Amino acid sequence: MTPEITPDALLRIRAFRAIDERLATSGQITYDDIAALDTAGFDLVINLAPADPDRYPESGWRIVQRGMAYVHIPVSWEQPDPKHLDLFFDILAQNRRRKVFVHCIANKRVSTFVYLYRTLREGVADDVAKADMHAIWDPESLPQWKSFVAHARPA
């Protein structure tokens, strides 16, 4: 199944990836990208980047002003926390009928979280979900992320 790609403006977002017709991911969005997300029909934007007052501090406010919901889960790059993954799983499960856009800084946190959600909660085949994640990066390349994935997916 080919995901529906909406406005061309989405394709200009850093590391944009359409997972399916209701879920897309990317790296850091700009203020201009918020209008494209709205136009594309996204209902919920989830930010997994740490809080940073210098990096688009009004993003959440601007997203909400356009009528979309906004959730911020500040995931540490150095020490990703399983409680953040659990929260992410809960939010996606509660919003499975909505069109959801998830971003961080480079789409590495997000691609890993989405891979885990798809395989552990949605039953997507590992190789299918892993292909989307590997289009962005391989968490096996960093010990903290390799450990995080192994903890989430026990043998």
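These are my notebook entries on a predicted model, covering a helix, its aromatic neighbours, a pocket, a cavity and two loop residues.

**Helix α5**

I started with helix α5, which runs over residues 108–120 and has 13 residues. I looked up its span from first C-alpha to last and found 18 Å, close to the 18 Å expected at 1.5 Å a residue. Is α5 mostly covered or mostly open? I found it mostly covered, with eleven of its 13 residues buried. I noted the buried ones as Arg109, Val110, Ser111, Thr112, Phe113, Val114, Tyr115, Leu116, Tyr117, Arg118 and Thr119. Next I asked which elements these buried residues pack against. My list has the strands β1 (17–20), β2 (23–26) and β5 (100–103), together with the helices α4 (82–94), α6 (126–134) and α7 (143–152).

**Aromatic rings**

I then went through the aromatic pairs, and the count came to ten. One of them joins Trp137 and Trp145, edge-to-face, at 6.1 Å centre to centre and 80° between the planes. Both of these tryptophans are buried. How does the ring of Trp145 sit against that of Phe148? Their centres are 5.3 Å apart and their planes stand at 70°; angles over 60 degrees count as edge-to-face, so I entered this pair as edge-to-face.

Trp145 and Phe148 both belong to helix α7, three residues apart, or about one turn of the helix. That spacing made me recall a general point: an α-helix has 3.6 residues a turn, so residues three or four places apart point the same way. I also checked burial, where the cut-off is under 20% relative accessible area. Trp145 is at 0%, so I counted it as buried, and Phe148 is buried as well, at 4%. Stepping back, I found that Trp77, Phe88, Phe113, Trp137, Trp145 and Phe148 form one aromatic cluster. Phe113 is a name I already had among the buried residues of α5.

**The largest pocket**

For the largest pocket I wrote down about 180 Å³ of space. Its lining has 14 residues, and those nearest the centre are Asn47, Asp52, Arg55, Tyr56 and Tyr70. Which elements supply at least two residues each to this lining? I found α3 (59–65) and β4 (69–72). By class, I sorted the lining into six nonpolar, six polar and two charged residues.

**The cavities**

I found two cavities of 30 Å³ or more and took a look at the second largest, with about 60 Å³ of space. Its lining is made by Arg17, Ile19, Thr25, Ser111, Val114, Tyr115, Arg118, Ala129, Asp132, Met133 and Ile136. The elements giving two or more residues are β1, α5 and α6. Back to my favourite helix: α5 gives the most, with four residues. The classes here came out as six nonpolar, two polar and three charged.

**Two positive phi values**

Last, I looked at backbone angles, keeping in mind that most residues other than glycine have a negative phi. Ala15 has a positive phi, near 55°, and sits in the loop between α1 (8–11) and β1. Asn107 also has a positive phi, near 70°, and I located it in the loop between β5 and α5. Are these two residues buried or exposed, wholly or in part? Ala15 is partly exposed at 29% relative accessible area, whereas Asn107 is at 0% and therefore counts as buried.

How values were computed. Residues are numbered from 1 along each chain as its sequence is written. This is a predicted model: local features need pLDDT of at least 70, side-chain atom pairs count only at pLDDT 80 or more; totals for chains, interfaces and linings use all residues. Side-chain values use heavy atoms; hydrogens and water are left out. On a 1 Å grid over the protein atoms alone, a cavity is a set of points where a 1.4 Å probe fits but cannot get out, and a pocket is an open set with protein on both sides within 12 Å along at least five of seven lines; lining residues have an atom within 4 Å of a point. Grid points are joined across faces, edges and corners, and a volume is the space filled by probe spheres set on the points. Ala, Val, Leu, Ile, Met, Phe, Trp, Tyr, Cys and Pro count as nonpolar, Asp, Glu, Lys and Arg as charged, and the others, Gly among them, as polar. The expected span of a helix is 1.5 Å times one less than its number of residues. Buried means under 20% relative accessible area, exposed over 50%, partly exposed in between (1.4 Å probe, protein chains only). Contact means heavy atoms within 4.5 Å. Rings of Phe, Tyr and Trp (its six-membered ring) pair if their centres lie within 6.5 Å; planes under 30 degrees apart count as stacked, over 60 as edge-to-face and the rest as tilted.
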